[in-house]
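Visitor: Could you take me through one part of this protein in close detail? I would like to start with a single strand and then see its surroundings.

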Amino acid sequence: MIDLETICPYTGLRSFSEDESLYFKGRDHQIIKVIEQLEQKKFLMVTGASGDGKSSLIFAGLIPQARAGFFKATYSNWQIISFRPERSPLSNMAKALAATLHLEAVSIENELNHGFSSLTEIYKSSSLYIDHQDPSWRDANADKKLEWDRQAGNLLIVVDQFEEFFTNPENFPNGVPSQDARLVLNILLETVKIALRDGLPIYIVFTMRSDYIGQCAAFRGLPEFIGFSQFFVPRLQRKELQQVIEEPAVLSGNRISKRLVDRLIYDLEDTEDHLPILQHVLKEIWKTADHGADEMDLIHYAMVGGMPGDKLPKEDVERFRLWEENLPAHQRHYLQTPGLSNVLDIHATRLYMEAATAFNRAHTQNISEKEAKLIIGITFACLTRIDENRAVRNRMTLEEITNIINVPTITSKIVDDVLRPFRNPEHTLVRPFMDEHSSGGELPPNTVLDITHEALIRNWKLLNRWAAKEFEYYNTFIDFKKQLRRWLENGKSGDYLLPIGPLTYFETWFKNCRPNAYWINRYNPDAGEPVEKIRQSQLVLNYSRQFLRKSALKLLITRAFMRYGARRISTAVILVAVLIGSGFLIYSRWTKKNDVVLDSIVSEGAQLLLAPEADPISKSEFILDAERLHPGFFIKTVKGLPDKEKQIGIALLIPELIFSRNKYCNA
């Protein structure tokens with residue numbers, strides 16, 4: 001249960017949970033309307049703009065009211081099954097049912113694969129359902145019937161964030177619903193029909209952004225159900241906004257000034273994502289006001305970047321100035337563009353700038369600021385995508401993100417640890433929050449990460465740039481793949497290599513984007529086994545490199561002329577030719593000059609062999625050296641000696657000298 005002494009009464013970017021219904025204010029009339037409609041039709045599509053509180057209306061409004069007995073249903077007991085489609089809608093629904101009904105998820109999924117009435121059959125086979133026509137019921141005694149009645153219950157199934165059937169490529173490849181997506185929707189709609197026909201206490205609620213209404217036509221029968229029962233969440237009026245701001249503070253024992261309430265309501269006008277932004281700002285104000293110990297006032301709003309310090313009441317201006325002077329320079333910089341939406345931008349940017357420091361403070365292994373920023377930038381680019389010109393969340397696993405980062409020294413654990421400030425419950429920017437894991441320890445690599453609310457995408461300037469750049473890279477990749485496909489389909493013919501303009505453009509993209517197989521795999525629309533998909537993506541990467549390289553080789557001379565000009569290239573060619581020719585002549589002359597000198601030495605030495613004062617060893621060494629320069633010199637010279645004894649003596653000395661020299665050289 002909630003600890004009223006320590007809990008913040010404002011949720012930040014995340015939606016309200018059932019346990020926080022005490023602080024969910026300003027929606028009383030809408031909760032009544034939702035209950036009335038669901039009582040009658042057993043189905044409800046809750047739509048509204050992003051950030052208008054659809055999920056909170058169900059989890060902190062409808063469900064608590066139903067449990068409290070304000071919902072007319074067969075039983076007072078309620079079993080709530082909620083799931084998001086995410087990337088595996090059938091598996092997620094099976095897991096949610098299994099957890100509530102205490103069954104095996106695999107068995108549930110196998111049963112659901114039968115389609116149509118499978119969900120109602122699962123309900124009827126559980127302890128929640130009582131068949132009053134069954135003989136075992138009629139024959140049971142009063143105590144047994146009472147026991148069964150206590151176990152029996154209504155079943156409420158909430159499909160939250162229904163737009164994920166469209167925003168996740170796994171569910172909507174190439175603009176067509178996947179088999180799993182069709183199966184899940186068919187089961188749910190068929191369940192509503194059976195519940196209405198047989199009077200079963202099963203109720204189904206979808207929450208969805210209203211700008212996806214048009215795409216619902218992709219599912220047969222869904223538009224008719226939306227027309228049958230839909231509730232559009234309206235924007236809150238001033239009185240309701242006042243309740244949202246003031247009443248949670250009062251209920252938690254905190255205080256908030258009237259002038260702060262008025263200023264916040266005034267600043268909310270024409271603000272997109274007004275409710276999540278408001279909740280985030282209120283949470284930051286509450287923390288700045290010593291976690292609610294001080295009265296929340298305008299000065300705290302200025303401290304979090306919501307308004308200029310010089311616009312504060314006179315008694316607070318000096319206090320704010322002194323506080324600001326003691327801030328680090330980079331934090332003072334954040335306060336230069338104050339505004340309601342700027343509070344979220346300041347908060348996220350501060351976590352980004354301080355990520356390396358936070359990591360190094362908690363670990364013996366240090367990480368550079370550049371590495372930390374790289375991890376955060378790529379992570380948030382991965383968790384964001386543009387869908388039909390709308391910025392939406394894109395759920396990815398920790399392992400997938402690490403692979404796209406593609407730095408050998410950066411592991412999944414390092415990525416997890418760098419992102420921890422964003423997952424901290426104090427900040428609530430990325431799910432899963434750290435308190436959602438009992439151990440608070442390392443996330444498994446297959447953990448799916450998700451931005452808490454799309455308001456972060458629209459209001460964090462850095463993330464806006466990352467998302468726009470990623471979208472630009474993606475669009476360029478789509479164009480590049482068309483050119484690559486033409487080349488491959490025509491047998492890698494040189495006629496289909498890239499011309500100079502497109503080649504330069506795509507080379508720049510490849511250098512800046514640095515795509516690897518995992519990045520390409522993110523945009524691989526083919527459904528199939530993960531191993532096969534990554535193999536295909538690696539093949540695309542290999543072909544891409546080959547395509548660019550061959551295109552560049554074909555245009556090597558053309559590029560040289562374009563870069564340096566014909567005159568400069570001609571001059572360079574002539575200069576190289578002259579240098580080569582000059583070098584050859586110099587070498588030739590040098591070689592000839594050496595030959596003349598050596599011939600002269602050998603000729604003069606041959607004359608000295610006839611001198612009687614020269615000893616036989618010296619004569620033998622000269623003959624041996626001359627033999628190396630002029631093969632045959634030895635035989636010719638020895639035969640020319642006039643004295644036969646000298647001929648024999650020198651002939652015998654030559655082998656000894658050869659042996660002696662070989663022995664020395666091998667030592």
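Guide: Happily; what follows begins with strand S4 and then turns to the cores, a helix end and a separate sheet.

This is a predicted model, in which local features need pLDDT of at least 70, side-chain atom pairs count only at pLDDT 80 or more, and totals for chains, interfaces and linings use all residues. Residues are numbered from 1 along each chain as its sequence is written, and side-chain values use heavy atoms, with hydrogens and water left out.

Strand S4 covers residues 202-209. Helices (H or I, at least four residues) and strands (E, at least two) are DSSP runs, numbered from the N terminus. Eight of the eight residues of S4 are buried, so the strand is largely enclosed by the rest of the structure. Buried here means under 20% relative accessible area, with exposed over 50% and partly exposed in between (1.4 Å probe, protein chains only). Both faces are covered: Ile202, Ile204, Phe206 and Met208 lie on one side, while Tyr203, Val205, Thr207 and Arg209 lie on the other.

Now for the partners of this strand. Two strands pair if DSSP finds at least two bridges between them. Strand S1 (residues 43-48) runs parallel to S4 and is joined to it by six bridges; strand S3 (residues 154-159) is also parallel to S4, with five bridges. Val205 stands opposite Leu44, and Val205 is also the bridge partner of Val158.

Next come the nonpolar cores, each a set of buried Ala, Val, Leu, Ile, Met, Phe, Trp, Tyr and Cys residues joined through side-chain atoms within 4.5 Å. The largest has 98 residues, of which Ile376, Phe380, Phe422, Leu456 and Trp460 touch the most other members. Helix H23 (residues 461-489) gives the most to this core, with eight residues. A second, separate core of 50 residues includes Leu119, Phe166, Leu188 and Val392.

Leu101 is worth a look too. Leu101 belongs to helix H3 (residues 89-101) and, at 13% relative accessibility, counts as buried. Leaving aside residues up to four places away in sequence, Leu101 touches Ile122, Ser126 and Leu128, where contact means heavy atoms within 4.5 Å.

Last, there is an open sheet of three antiparallel strands in the order S8-S10-S9. S8 (396-397) and S9 (430-431) stand at the edges with a single partner strand each, so one side of each is left without a neighbour in the sheet. Two bridges pair S8 with S10 (residues 448-451), and Thr397 stands opposite Val448 in S10.
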